[in-house]
Amino acid sequence: MRARLFAVAVLALPGLPVSASAAAAAPPPNDAQASPQALTLPADVTGTTAESTLQPAEPLGSCGPARGSVWYAFTAPRAERVVARLQAAGDLDAQISVFRRQRSQTQPVDCDATDAEGLGQVTFRTGEGASYLVRVEQRANSVAGTFRLNVFRPQPAPAAPGPRLAAGGARGVVDSVENTADAYSARLRAGESYRVNLAASGSQCTTLAIYGPGTSDFDGADPVRRAPCDGYVLFTPDRTGTYSVLVSAAPRSHDLQPYRVRIARALADDTTPGRVLSNFARARGALSAASADVVDLYRFDVTARSELSLTLTTRGNPAFDVILLNDRGRRISCACGETGGAVLRRQLRRGRYFAAVRGRRGATGRYVLRRVSRAITRTSVAFSRDGDAVRPGTAVPVSVRVRPGVNGPVTIVLERFDPLEGYQFLRRVHTRARAGRATVTFRPPSAGRYRARATFDGTLGAASSDSGTTRLLVAAPLQQ
């Protein structure tokens, strides 16, 4: 079962009905917007939607249609964050809406519908001395039921710059309501690269932001760097000083969000120039995305247009991605979203490239990365002859050209033409290209039409390729 921010087993609250059938005929005393039940923060009250109604002048909610509602009101003594939390009992599906009241007008602030466990909650900032209305609504397709409503002040926002982050990092838990953020600080040196990683549990988008030296209020400052949901960045400060790392919860989530945050100096395999990955080489490494070792970076050159294969094999079943980039940082391809290994294949032109192995969502394990680059070849074949035809019995050279000029095996297939059935197999010849050239001698067995095609069969460093066809006419001069 998921970790919950708030769970109260409200099966039957004393003195309150649990269904519309058991309720009194009269609606609840706080049924109308004009007669809300007064609250004083922090407030913890129980209520019911049994026999509740909707008044014609009620403001519209944005969480969906309702069939009945009850109202609560409070005045904020100061500007602060406030949480309104609803726990529905039994089969009640409900919604909680908050409005700011200005004389006879209401301005919607936020709303939330209860989830599968009956929990709904909103958090909002109040204005000093402002009046607010809280409406608990029975959804249009729901039975009536009882609920518990809490309105309270959550933990205060963290103050900058935050406590010093230990060398081994820190663990914590944030949520979208009570403890929305945690802050830490670290002294970083200008020009030195650091790995900053937030490893968050679950599927929520818990985020990380880095603030520069001198930050005193996170709300009034812009971060110098933000991390995506997976939480890893390579950060090189432009000045020495105390930097803050702010971990913020994913909004509108009802679940707790455990995390681990760590800062560590970047090593040679974490940033440019990276480790050299030679052709046909196997590079061994290890990643721990739960700490700060999230990325290993490799570099390699391609000297001719090639077919690239990057094969990642792992121990266990860690979730590692293989990312291919050019030397300008443009992502070319990614073998992403796989577990237990990956294979990336791509045709590349001559140039400089990088391959990054990256762990996802706290993945930890060892891997082997193998690179194979095979030059892309082009093969052509031709009969060497003079004139339009050759006489029967003439030996004809068959020339094969492979570009670039590589060495390797070549196969030539010769066919003869039958006027009723078309071309038929005649002979297969195996030879070898040297510096991209190969020649064999073909002596046609009789008059007729022939054709040939060639295949460069490929080597470890050069890919295979097929030619087109070349044709030959073997005939004596025409006679009447």
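## Salt bridges and pockets

Glutamate 192 is partly exposed, with 21% relative accessible area. That places glutamate 192 just outside the buried class, because buried means under 20%. The model is predicted. Arginine 265 is also partly exposed, at 48% relative accessibility.

These two side chains form a salt bridge, with an N to O distance of 2.4 Å. In sequence the partners sit 73 residues apart. Glutamate 192 lies in the loop between strand E11 (181–188) and strand E12 (194–200). Arginine 265 belongs to strand E17 (residues 257–265). The pair thus links distant parts of the chain.

Turn next to a buried pair. Glutamate 58 has a relative accessible area of 10% and is buried. Arginine 135 is buried too, at 3% relative accessibility. Their side chains meet in a salt bridge of 3.1 Å, N to O. Here the link spans 77 residues. It ties the loop between E2 and strand E3 (66–75), which holds glutamate 58, to strand E8 (residues 131–139), which holds arginine 135. Salt bridges with shared partners join Glu58, Arg135 and Glu137 into one network.

A further bridge pairs arginine 148 with aspartate 44, at 3.2 Å, N to O. Arginine 148 is in strand E9 (residues 146–152), aspartate 44 in strand E2 (residues 43–48). The two are 104 residues apart, and again distant parts of the chain are linked. Aspartate 44 is partly exposed, with a relative accessible area of 47%. In total, the structure holds twelve salt bridges. Side chains of opposite charge can pair when their charged atoms come close.

Now the pockets. The largest has a volume of about 550 Å³. Its lining comprises 20 residues, and Arg81, Ala157, Pro158, Thr180 and Asp219 are the closest to the centre. By class, the lining of this largest pocket holds ten nonpolar, five polar and five charged residues.

The second largest pocket encloses about 430 Å³ of space. It is lined by 18 residues. Nearest its centre lie Val295, Leu297, Leu325, Ala356 and Arg358. Four strands give two or more residues each to this lining: E15 (232–235), E20 (295–302), E22 (320–326) and E25 (351–359). The lining of the second largest pocket divides into nine nonpolar, four polar and five charged residues.

Conventions:
Residues are numbered from 1 along each chain as its sequence is written. This is a predicted model: local features need pLDDT of at least 70, side-chain atom pairs count only at pLDDT 80 or more; totals for chains, interfaces and linings use all residues. Side-chain values use heavy atoms; hydrogens and water are left out. On a 1 Å grid over the protein atoms alone, a cavity is a set of points where a 1.4 Å probe fits but cannot get out, and a pocket is an open set with protein on both sides within 12 Å along at least five of seven lines; lining residues have an atom within 4 Å of a point. Grid points are joined across faces, edges and corners, and a volume is the space filled by probe spheres set on the points. Ala, Val, Leu, Ile, Met, Phe, Trp, Tyr, Cys and Pro count as nonpolar, Asp, Glu, Lys and Arg as charged, and the others, Gly among them, as polar. A salt bridge is a side-chain nitrogen of Lys or Arg within 4 Å of a carboxyl oxygen of Asp or Glu. Buried means under 20% relative accessible area, exposed over 50%, partly exposed in between (1.4 Å probe, protein chains only).
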